[in-house]
Structures are given as structure tokens and as C-alpha cells.
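This briefing covers two kinds of interface: one between chains, one between domains. Keep the structure open while reading.

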Protein chains: 2
Amino acid sequence: MPITANNPDRKTWIETTVNTDFPIQNIPFGVFLTRDDIITIGTRIGDTAIDLGALHQLGYFDGIPLTDDIFLQDSLNDFISDGKKTWRLVRNRIAEIFDAKNDALKNNEDHKKAVLFSLDEIEMQLPVSVGDYTDFYSSIEHATNVGTMFRGKENALMPNWLHLPVGYHGRSSSIIPSGIPIHRPQGQKLTNGATEPIFGPSRLVDFELEMAFITTDANALGEPIPIEEAEDYIFGLVLFNDWSARDIQKWEYVPLGPFLGKNFASSISPWIVTLDALEPYRTDGPKLLKEPLPYLQSTGKKSFDINLEVAIQPENEEETIVSESNFKYMYWNMSQQLAHHTINGCPVNSGDMMGSGTLSGPTPDSYGSMLELSWRGEKPVQLKSGGSRKFIEDNDTVIMRGYCEKSGVRIGFGEVSTKLLPIFKK
Amino acid sequence: MPITANNPDRKTWIETTVNTDFPIQNIPFGVFLTRDDIITIGTRIGDTAIDLGALHQLGYFDGIPLTDDIFLQDSLNDFISDGKKTWRLVRNRIAEIFDAKNDALKNNEDHKKAVLFSLDEIEMQLPVSVGDYTDFYSSIEHATNVGTMFRGKENALMPNWLHLPVGYHGRSSSIIPSGIPIHRPQGQKLTNGATEPIFGPSRLVDFELEMAFITTDANALGEPIPIEEAEDYIFGLVLFNDWSARDIQKWEYVPLGPFLGKNFASSISPWIVTLDALEPYRTDGPKLLKEPLPYLQSTGKKSFDINLEVAIQPENEEETIVSESNFKYMYWNMSQQLAHHTINGCPVNSGDMMGSGTLSGPTPDSYGSMLELSWRGEKPVQLKSGGSRKFIEDNDTVIMRGYCEKSGVRIGFGEVSTKLLPIFKK
């Protein structure tokens, strides 16, 4: 079935600006609270939010096999379970409804009143109920940088790294949407030269610039997903800030991996941009340095050219862009990650989230964490406001943005913005 | 509020055997499919399953603040969210309903027909929808044994182990109830002396004898749970077999921890025994070798005397008990685990599951995994049927059981029994 929603020549009757992340070719999916305090599934064109629950009740999705309440839910999980064909039918239909040549909704004031919202009338929620969250570690630059700092240059990349997409399980319960502030975490840490840990606020709070993909129900317990089918089970992507407390992480992570250094918060952008919408931006990933085992051999362009940036905004000051990177730097692509994750029969469900790992590029200005940008604090990052940062300070806001651009069409992710508050006090 | 359900002198009008795991003093909670293919929440006395949804509809829980459909659900999550006071009221009421001196239900044939089932009429399900699953590593004997094998005697226990309950995130989607068979997983492994991995079936499939506790909604993002309040948020415990593929695990686990070596399956016993029911079996845990930081200092008897055993049953042969251990060997108790898990503000929700880690005791016959029992395959374990095992073979069934006993009252967990099938073939 063609993805007619991607037609680059289509115009919409919704007012949009030239540089919007959300032209009619995007049509992402999210969940929001409306001005009437009703929770619904929606999409967005320009700065207009669209209530898909209301649109469906008014009959605009007639002919597409959807249950009556599929959009009147507090998560996209059931809609995602409907599968790729349904996602594509719905996205194509939305493009038609808002096409500049289509008057049906455009000229119906009552319907528009029920369906359209300005952004300040809604409150974005988590788009999915995350069953399981896995974080990969798939940027070779990030793994090399961190490995060098934690274990020395000769042990930087572990022997398994070039053979498989290293990953670990993260915590679903602390995944939050953009806009929710977090507290500086406390915990155990070992100061330099000490043999006994102390307790206190983390002094090395960091962001990690990642993206995450969201899956549909993919496989039963015991059945692997072949790599060539993997993309059928990917609904879309979000920006992902995998907050990290480096001092807590360093003390706790041997031998079973990161735990409290990570699970205090991970923030995501609230609009899921579909894999379909990203189709025009396919590109080759990095050349593999070793031939992988057959179950990890993927063909075709399985990477995506998505520009990414991170900004730090101290309280009441202007922001500084501290990193510019790209999703295409990811060494192991999403198909490889999903094939690897299920090769042992691990079941993947609707709403599961898989993080890319920190997306560091090859140059120092493209590193995806303060740990790398400030090289463990040795090279403070200068801010426009005159100050500098080794790590994130109280009341700083970290903002990540991402977009694709080609032939005059820009498909963006909006942003994930999170403020770091001081430690929690009762 | 007193836990009257624990009265050791109470008799029931339900027929039970002397050595049942489920006397009227137990009253565990589970979810099952009835003979009419209806899913309901239930309990069990002796070999009789009791439909709590039907009991509630018939008015037997009048006076307890419960929503009408609280037991007519496919998971215990909402009931668990109701909190400890409600759990206790319900359990006390169930004890009264089935007390030998109470004729109300006993003499009502219609009601009994709606409420009581024999075990062969029902099919046990997962008792909770597991949001997040965390596995701790809290047996000092297990950590020392495995550390010695993987890293040598001098690096067996990592420097952090005596300071914090080491834990990591596991996979919720592959937690299954007793009785569901699993397939031998495949994956990457490095054979001895090789530098490049090969792909194939795991040759070192192992069980891990664990218990897991199930929580209620405990805290908001950012707010730690003080250790003295931790038990208020623990609903109950199950037996937990954390299946492991040692060869896959060994190749993949550095630096981010176990992943595919674990997430192909974890099996649990289907009846959750409440913390209230375990109250009489409190005991001291092991003496701590180092004083922990204040947030991990617990007072009182926070451990439980639960006898555990593991049996291996080859196909069509009798079983052999290969390990006898006890929950009380756990070095870090559940209160410490929960206080540690949330000290950084990580939110804990209803239905979350926290594994103890392998519960190895001090003697070789109390080790909780084949890795330890056969000492990496060097000392095969003899079976009654004449064969021996280094690890688990195709079509073996692994059975774990657990019970407490004191003053003539035995509170048991039933069993978790899982058959290992050969590798999956399409």
C-alpha cells in the first residue's frame, strides 16, 4: 500500500509556518488532555493539535477497520497493536482530511470546534504505556569514548561490541514526557581515592542524546523475529534523553550494569513520528568493521538521516546548543537491534521502547553527553550566558531537538525539554 | 488491625490434607480461568480454588470498601493498589467465610457451586501484569561462587557488594506462570580459546532458585521510600525461576550486564503468598559484614524462614531433588532492596516484581543453580534415574517448591514447574 501521506507536494488548509517540524507530511501520533480534561489520541499539523477520537466519532475514518474507542484511550498501545497496515490507512486518511483541496472538515465550523485545538489548550501525556524498555549502546564513538574514560584506551571497546548490539534492560516506570521536571538524584558514590562509599546528591548529572523506537506486538515467547521482517514491527520514533548520574553509575555498575545511575528518569518527546513518515530520509549506516553473524546481516538502507541537537538553558538565561549529532551515526541499526533482542525468543509487545544508546558523532562537537563533551569535566563547555558546564546544574533545562530535511520537506520531532530541580525534600 | 486470618487454631470446612501448602491460614491470591472460561481473581484452600469475583457478587465482602469489579479482572494490579489495609480486611474475611464454625456458605449449595472449583477445572494465569521487573543479586554465597568462576577468587565479590544490594533491570515480557514450557534459547557464544563468537543453541541452560516480591504503588517520581516504611508496599511473594543461558550471558554481559542470557524466560509460582501470611515466620537475616549507610539500616526481623528446594525431572522419569536452600540466606533483605531501589527517586508501582537473586546457601547441596551445583560442569549432579546433569537438558522439567512451617502450621507456595523444550523450529 503506498504511503500517500508522504506526498511532498501536498498543501494543507491548516495554517503552518515554513519551518515547522509538523507539516502535513509528518502526521505523528500522541496522547493529550484536551481543554475539557478529556484524554484522547491525536496528531498535529503546524501548531494545531487534532483530536483523533473526535474525528473518528464524526465519521472521518469510515471504511477503515477501527474499533469505536480506538482513539479514546490514554495510550497508543491498542492502536499500535492494530499493525502497520492500519497505521498507514489512518495516516493516509488524515492527510486527505487536511489536504488544501478537501473542504469537508475545513468548511464545517462545528466539527472543527470539536476536533482542533491550539497547543496551549492541551497537555501532552506519555504516548504509550511502556511495557519494557531496552537501551542499546550502539554508537561506536560513544562506546569508545566512555570505554576509554572508564577502563582505559586499550579496553575501551569490549570484545563483544563489534559482534552484537550490546543492550540492557532499563526502567519503564521512570519514562516521562517532555516538560516534567526531575530532581537531582541521591545515592552512593565513591570519591577519588576513597575505599568506602559516601551518600549524597549526585554531582555528575548528565543527559544522553538518544532516540527510541516503539514496537508493536512482534512475536510469541520462543520465536525470533527475522531481521528482514524487523521494520514491520516498528511503529515510530521519539527523542530520548536518558538521564544519567555518572558517579552513582560508576560505583554500582560492575558486574550487572547500570541501575540507579539511570532509573531516576528518562524523558521523551511526546509525538511519535512514524517510520512511514521517515521513509524519504533513509540512508546508509556506518560501514561495519566486522561481518556480523548471519542473523544480524541486514540489506538496504536501514539507517535514517535525522539531525539532532542538544541545548542547555540555565534558569532565566538564553540557551546554548552544546551538541549537534545525527541518528545515522548509530553503528547497529534498528533492524539489527530487534533481530538481536529476539534471537533467543524474548517477546516484544506493543508499546515497548528501545533506546539507541547515546548518539555521539565522530567530532567532539557532536558528542551526545556532557561526560564526553567536557571529557569527564576536564574541558568545561562554555555557555553563551558567560558561564560554563562540566555536568548539568540545578535548575538547568536540557532541550533536545531533531528533524529530517530533504527536497524542501522537513519532518521534525519537536523537542524533549526537562528541567533538573535540586534534590527532593519532603 | 490484627491479622486474624493467621489464627493457627482455626479449622476450615473445606477438605484439606495435613501437609497441604494451602491451609486456611495461607489464603494466597491468584488469577485463573474457570471451567466457564471466565477470568477471575481467586484464592485457594487445600485443593479447592475459590472464585473471589463470584464471592464478592454474592455479597460476602459487604462492608469492605471494594469496587464491584475488583476481582473480575485479569490481574491483581488494581486490588494490590487498594493497599495493605484492604488486603488484610479481605484475607481476614475469607478466613471467616471458610471457618469450620461458619455455616453461611457451607450450607448454601447454589453459592458453593458458583464459588468453588477443583484444581483440574481451572487454569492458572500470571497473577499480575508486571510493569517493571528488577532482579537483585543478594545472596553472598551465590555472588561469591559465580564471581569466583567468572573473575577468579580475588575478584569474586566486587567492592560495591557489601555496601549496596546490587540489582539490575530484567525483562517483564518473558515472565510466565508455572506450567508453560520454554524453548532452549539460541544466541552468540564464545567457545573456550576462540576469539570470534559462534551462533547456536545455548549449551549451558540453567535455573536460578529465587523468590520475588510484588509491590503496590509506592512512591512518586523523585521521592525515596524510607526503609522503615518499605514493608508497607510489599504485597507478597512467589517462587521465581530465573532461567539463564550461561554461555550467552558470559559473552554478552560486559559492560552493561546480562541481557539475552536471561530474558528468554523467568517462571513464577502462580499463587502470591501475602507478607501477612508469612508474619509468623520472621527471622533474622545473615549478620552484615559491614555497617551499611544509614538509608540501608533496617531494624527488627526483616527476613523470613522459607524452606526451598529444586528438583529436576527428566522426561518420563522420577524427579531428583538437587538443591535445598532457604530464603533467609538472603544477605540484603526486602526492605533494604526497596529502600535502595527508590533512594534516587525511581518510582515503584503496583505489580512490579523484585527478584531476590539466586538463593544459594552455605553448603554445596544448598546452591541455587546448576552453575554452582556442578561447579561449571566439573562435578556433574547425579540423578536418581541413573543419569547425571551438568546443566539442564532438553525435555527436563525443573520444579521449585517452598514452604514455611512452625507450631504445626505450614504455609507453602506450591510450585513453579517448567519444561525445557528443544530449540524453536518454525
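Which domains does the domain assignment of chain A give? It gives domain 1 (4-124) and domain 2 (133-421). The model is predicted. The points below take the domain contact in chain A, then the contact of chain B with chain A, then the symmetry.

**Domain 1 against domain 2 in chain A**
- The C-alpha centres of the two domains of chain A are 29 Å apart.
- Contact involves 27 residues of domain 1 and 30 residues of domain 2.
- Together the two domains of chain A bury about 2,200 Å², with 58% of that on carbon and sulfur atoms.
- Asp21(A), Ile80(A) and Met124(A) account for 25% of the area that domain 1 buries against domain 2, more than any other three residues.
- This domain interface holds 2 salt bridges.
- Arg88(A) and Asp276(A) pair through their side chains in a salt bridge, 2.8 Å from N to O.
- There are 13 residue pairs in polar contact across the domain interface, both residues at pLDDT 80 or more.
- On the domain 1 side, the elements giving two or more residues are strand S1 (30-33), strand S2 (39-45), helix H2 (77-81) and helix H3 (84-97) of chain A.
- That side of domain 1 has 12 nonpolar, 10 polar and 5 charged residues.

**Chain B against chain A**
- Each chain brings 60 residues to the contact.
- The chains bury about 5,700 Å² between them, 63% of it on carbon and sulfur atoms.
- In chain B, the most area is lost to chain A by His169(B), Arg171(B) and Leu256(B), together 15% of what that side buries.
- Between the chains there are 6 salt bridges.
- Lys290(B) makes a salt bridge with Glu196(A), with the closest N and O atoms 3.0 Å apart.
- Polar contacts link 33 residue pairs across the chain interface, both residues at pLDDT 80 or more.
- Elements of chain B that give two or more residues to this side include strand S6 (133-136), strand S10 (186-189), helix H6 (246-252) and helix H7 (334-342).
- S7(B) supplies the largest share, 3 residues.
- The chain B side divides into 32 nonpolar, 20 polar and 8 charged residues.

**Symmetry**
- A turn of 180° and a shift of 0.0 Å along the axis lay chain B on chain A with an RMSD of 0.0 Å.
- This is the relation of a two-fold axis.
- Gly257(B) has the C-alpha nearest the axis in chain B, 2.1 Å from it.
- The copies meet through the same surface, because 100% of the interface residues of chain B are also interface residues in chain A.

Conventions:
Residues are numbered from 1 along each chain as its sequence is written. Chains are lettered from A and ligands numbered from 1 in the order in which they are written. This is a predicted model: local features need pLDDT of at least 70, side-chain atom pairs count only at pLDDT 80 or more; totals for chains, interfaces and linings use all residues. Side-chain values use heavy atoms; hydrogens and water are left out. Contact means heavy atoms within 4.5 Å. Buried area is the accessible area (1.4 Å probe) that two parts lose on being put together, summed over both. A salt bridge is a side-chain nitrogen of Lys or Arg within 4 Å of a carboxyl oxygen of Asp or Glu. A polar contact is a pair of N or O atoms within 3.5 Å; within protein, one must be able to donate a hydrogen and the other to accept it, and residues adjacent in sequence count only if both atoms are side-chain atoms. Helices (H or I, at least four residues) and strands (E, at least two) are DSSP runs, numbered from the N terminus. Ala, Val, Leu, Ile, Met, Phe, Trp, Tyr, Cys and Pro count as nonpolar, Asp, Glu, Lys and Arg as charged, and the others, Gly among them, as polar. Copies are superposed by least squares on the C-alpha atoms of residues with pLDDT of at least 70 in both. Domain bounds come from an automatic or database domain assignment.
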